[in-house]
Amino acid sequence: MLALQGDAVRIFDDCYRLVDEVTALIQNDADNSDERYNAIEIMRHARSNLDTMHKEGAYEMWRPIEQVHVAVDRLKSQPELSRFLSLRRNGIPVSQMLDDISAGLDVIRDFFNEQTRRSNGEGLRSLSAGQFDWEAEVENEIRRIGNAIDAAGRILRTRAAREISDLPAAPEFFDKIDRIQSLHINLRFAGQDTRLNSTERLDAALEDVCRHFPLILSDEVDTELNALVKGAREIVRYLRLMLRRNAGLEDYPGAPHAEQVLAPFQFVVTDERLALQPQASHPKLESKAIAEAASTALGELAEDIALDLQNSNHPRLLRSFTRLVEAIKREASVIEIGLHCSSFEGQINAASEELSSSLQNLLSSYAESVKGYASQFVDWQRFSENAAEDRYSKEDAELFAKVARVLAADLENRQSVDESVPTALWQAADWNDRADTPRTRLGVSRTVLNVIAACFNELVKKPAQAVLTVGGTVVTVIVLYHVLTFGVALSKTPEGAWLQPAMKVIERKLGELSSMPM
């Protein structure tokens, strides 16, 4: 006998709850027509089959699952019952609740199938080493999604609840967040047959919340909540892309899209030119005034320190300080500022024996002030938490630094490349070469993956004929040729697994180019 435990029980209980809620919505409808009674009987039939599944704690009944599916399909497909599909509970329509019931039962059925396969000696033992790596990467992304969603839930139960509860949209928002948490449980428990569908449903739910609740998901209400929900959406989209490409579905409706991740640098092809993508860094809501005051103070103090450094004989230290100050002045991403600060601290330590104690104390104090400034931002906190996982080895980072230097050298002095792009790549490699910390390893790795993602997106969204005539896309081809050289090694790194299926797309697209008449 197969029995469900843990997450599976929660999914089953969600199906139970949704069946009861749909039934109650139909029962409470003012219409006393035959159609209403028919709809109620359909849902009671579904409930009866769930009762059968639940009997004596056994969850091994395939037939009751099919019978619930039949009941749901009847309610959705009969034209005379269609009006009940638009009944809502806090903005969630019956049609969506029915879909959630079907999807939850599909996950449970998938569980049965995998348990049966394993009991027959199939399953994990037949996976290759590469498939094990793939599964580990997928499971890691699912954990990251859960961490973000759980953290958002904690904020909603505490400080954000006070800000949100009086808003008219609050009940609907809270219900939809509860649904997102349930959909994540489905994803966490889903097997190979239902994982993609579970991911796409969670993706749609997060997109719906982000699109319909801009007032609640704003920095004015809670910066961290905003960042967590939108961060979860980014990871889900990345996982969705991974799963679709792994299933050979890279050409799904709408161009394939490789999401760029939180890093010191992001990139964009705009007006046929590869350039840096501006990243707006927002301080935590309660820290906004502190961050603004700190930025002003750092700018004023920098002028005096620059004079002292110019009079000293430490050109590397001066260059590092100048880069840090320029990043603050142009309001660069807080991650870039933080990594410039780490590099600056390294230069202070390297020159410590040659600096006067007063100057060293002044420089160290400035670096501490910059770190205090960066700590007011959610993005720096998230990036630091990611770095603390220390998933990238020294060898991983050295590989990414090598690729960064190769790309930077090839992209310099090209009309269709903004000069900031090779500068950023050189800088990311330099940070890691000088320090080799978890933050610098994460910084150079994600910078390279981001420039590849930007170029990959540009390549797949245009027909081959346009690639040969448009400057910005020619540059993407240059970048992606290097991906074919280093891609196998890069795809084995912690966040590089998406490159494995992406390389198949790149090879196909570049093959189309090579076969075209010049």
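The exercises below, each with a worked solution, concern salt bridges, aromatic pairs, backbone angles and surface charge in a predicted model.

**Exercise 1.** Determine how the side chains of Arg 44 and Glu 41 meet, and where the two residues lie.

*Solution.* Begin with the contact itself: the side chains of Arg 44 and Glu 41 form a salt bridge, with a distance of 3.1 Å from N to O, and this falls inside the criterion because a salt bridge requires a side-chain nitrogen of Lys or Arg within 4 Å of a carboxyl oxygen of Asp or Glu. Next, place the residues: both belong to helix H2 (residues 34-54) and are 3 residues apart, about one turn of the helix. Finally, consider their accessibility: Arg 44 is partly exposed at 45% relative accessible area, and Glu 41 is likewise partly exposed at 46%. Over the whole model, the count comes to 27 salt bridges.

**Exercise 2.** Work out which parts of the chain are linked by the pair Arg 109 and Glu 66.

*Solution.* First, establish the contact, which is a salt bridge between the two side chains with an N to O distance of 1.9 Å. The pair links distant parts of the chain, since Arg 109 lies in helix H4 (residues 94-119) and Glu 66 in helix H3 (residues 62-77), 43 residues apart. As a last step, classify Glu 66, which has 36% relative accessibility and therefore counts as partly exposed.

**Exercise 3.** Describe the salt bridge of Asp 410, and then name the residues that shared partners join into one network.

*Solution.* Asp 410 pairs with Arg 414, and the closest N and O atoms of this salt bridge are 3.3 Å apart. Asp 410 is partly exposed at 26% relative accessibility, and Arg 414 is also partly exposed, with a relative accessible area of 33%. Turning to the network, salt bridges that share partners join Glu 200, Asp 203, Glu 207, Arg 233, Arg 237, Arg 240 and Arg 244.

**Exercise 4.** Decide how the rings of Tyr 373 and Phe 377 are arranged, and whether each residue is buried or exposed.

*Solution.* The model holds 8 aromatic pairs. In the pair of Tyr 373 and Phe 377, the ring centres are 5.1 Å apart and the planes stand at 65°, so the arrangement is edge-to-face; the cut-off that settles this is that planes over 60 degrees apart count as edge-to-face. For burial, the limit is under 20% relative accessible area, so Tyr 373 at 11% is buried, and Phe 377 at 5% is buried as well. Elsewhere, Phe 321, Phe 344 and Tyr 366 form one aromatic cluster.

**Exercise 5.** Locate Glu 331 and Asn 413, and report the phi angle of each.

*Solution.* Glu 331 sits in the loop between helix H11 (315-329) and helix H12 (334-350), and its phi is near 55°, a positive value in a residue other than glycine. Glu 331 is exposed, with 67% relative accessibility. Asn 413 occupies the loop between helix H15 (394-411) and helix H16 (420-435); although Asn 413 is not a glycine, its phi is positive at about 60°. Asn 413 is exposed at 83% relative accessible area.

**Exercise 6.** Identify the charged patch to which Glu 300 belongs, and classify the accessibility of Glu 300.

*Solution.* Glu 300 gathers with Glu 303, Asp 304 and Asp 308 in a patch of negative charge on the surface. Glu 300 is part of helix H10 (residues 288-310), and its relative accessibility is 53%, so it counts as exposed.

Definitions and conventions. Residues numbered from 1 in each chain as written. Predicted model: local features only at pLDDT ≥ 70, side-chain atom pairs only at ≥ 80, totals over all residues. Heavy atoms only, no water. Patch = residues over 30% accessible without salt bridge, like charges linked within 9 Å, V, L, I, M, F, W, Y side chains within 5 Å. Areas by Shrake-Rupley, 256 points an atom, 1.4 Å probe, with all protein chains shown as cover. Lys, Arg positive; Asp, Glu negative; His and termini not counted. Charge placed at Lys NZ, Arg CZ, Asp CG, Glu CD. Helix = DSSP H or I, 4+ residues; strand = E, 2+ residues; numbered from the N terminus. Buried < 20%, exposed > 50% of the residue type's maximum accessible area, 1.4 Å probe, protein only. Phe/Tyr/Trp six-rings, centres within 6.5 Å; stacked < 30°, edge-to-face > 60°.
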